[in-house]
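Subject: Structure handover

Hello,

Here is the structure we spoke about, with notes on what turned up in it. Please look it over before reading on.

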Amino acid sequence: MSSIHLEAKVGDIAETVLLPGDPYRAKYVAENMLEKASCYNQVRGMLGYTGYYQGKRVSIQGTGMGMGSAAIYINELISIFKAKQLIRVGTCGSIQEELNIGQVILAMSASGDSSENARNFSGMHYAATADFDLLYKAYTAAQHLHIPTQQGSIFSTNTFYDDDPKRWEVLQNHGTLAVEMETQILYTLAQKLGARALSIITVSDNLCTGAAATPLDREQSYSDMMKIAFELI
Ligand code: HPA
């Protein structure tokens, strides 16, 4: 059996799945960091691979950008393919001036503007929260690897291009570290469907200062984030 958006067969996908937004990131990691990687999905170009990292079986699946796209893959990975640990590895825009390009953030919680959550929770404001065990392990692993991390809340939005220049001010004033586009629905669906989830994200641009990552920054910081994620398999 496969699912609507993943042509894998049940059993082809590991219990731990890493989730980059970009399917070509999945391909790059599979080809350069995993052993014996094989591609299990090409439907809609949303590449997914299963391989081994230091002998441990792991999958890596692109989600696309935004909560609508990510929710499709997260639902199918947990419900059909029985994924138990879902770890987002992606980028974010920081909304705190002192958070520099390349900073790795372990997202404790994600507020956001998911219309799916707005509808499901009927006006209540659900606090989408990371799995504590994964968060604790990621924090400890980062310390051992001497990779500095920030822990805190982030905001997931479905709108990348917005006209309001003051859009993030109230979040800044309430200690939100960064904005990205997937974590709120990842944490919500993992809780609902009985899996563990964590987002490990790297600052690719600072929305206060206008600073943006160079290709070298991206490569270095991506490898820090992946080192932490691999410790969680
Ligand atoms: N907005 C939303 N998601 C992002 C951004 C941003 O500015 N930067 C990286 N991911």
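A residue is called buried under 20% relative accessible area and exposed over 50%, and partly exposed in between. By that scale Cys208 is partly exposed, with a relative accessible area of 35%. Please keep in mind that this is a predicted model.

Cysteines

How many disulfides does the structure hold? It holds zero. A disulfide needs two cysteine sulfur atoms within 2.5 Å. The closest cysteine sulfur to that of Cys92 is the one in Cys208, and because the two are 12 Å apart, they are too far from each other for a bond. Seen from the other end, Cys208 is in no disulfide either, as its nearest cysteine sulfur is that of Cys92, 12 Å away. As for exposure, Cys92 is buried, with a relative accessible area of 2%, while Cys208 is partly exposed at 35%.

Ligand

Cys92 also appears among the residues around the ligand. Beside Cys92, that group consists of Thr91, Gly93, Phe160, Val179, Glu180, Met181, Ser204, Asp205 and Leu207. Two contacts can be described at the level of atoms. In Gly93, a backbone N or O atom lies 3.3 Å from a nitrogen atom of the ligand. In Asp205, an N or O atom of the side chain is 3.2 Å from a nitrogen atom of the ligand. How much of the ligand does the protein bury? Taken alone, the ligand exposes 260 Å², and the protein buries 88% of that area.

Cavity

The structure holds one cavity of 30 Å³ or more. The volume of the largest cavity is about 40 Å³. Which residues line the largest cavity? They are Leu19, Thr63, Ala70, Ile74, Arg88, Glu182 and Leu186. Sorted by class, this lining has four nonpolar residues, one polar residue and two charged residues.

To recap, there are zero disulfides, a ligand with 88% of its area buried by the protein, and one cavity of 30 Å³ or more.

Regards

Terms used. Residues numbered from 1 in each chain as written. Predicted model: local features only at pLDDT ≥ 70, side-chain atom pairs only at ≥ 80, totals over all residues. Heavy atoms only, no water. Buried < 20%, exposed > 50% of the residue type's maximum accessible area, 1.4 Å probe, protein only. 1 Å grid on protein atoms, 1.4 Å probe; cavity = no way out; pocket = protein on both sides within 12 Å on 5 of 7 lines; lining within 4 Å. Points joined across faces, edges and corners; volume = space filled by probe spheres on them. Nonpolar A, V, L, I, M, F, W, Y, C, P; charged D, E, K, R; others polar. Near = heavy atom within 4 Å. Polar contact = N/O pair within 3.5 Å; in protein donor to acceptor, adjacent residues only side chain to side chain. Areas by Shrake-Rupley, 256 points an atom, 1.4 Å probe, with all protein chains shown as cover.
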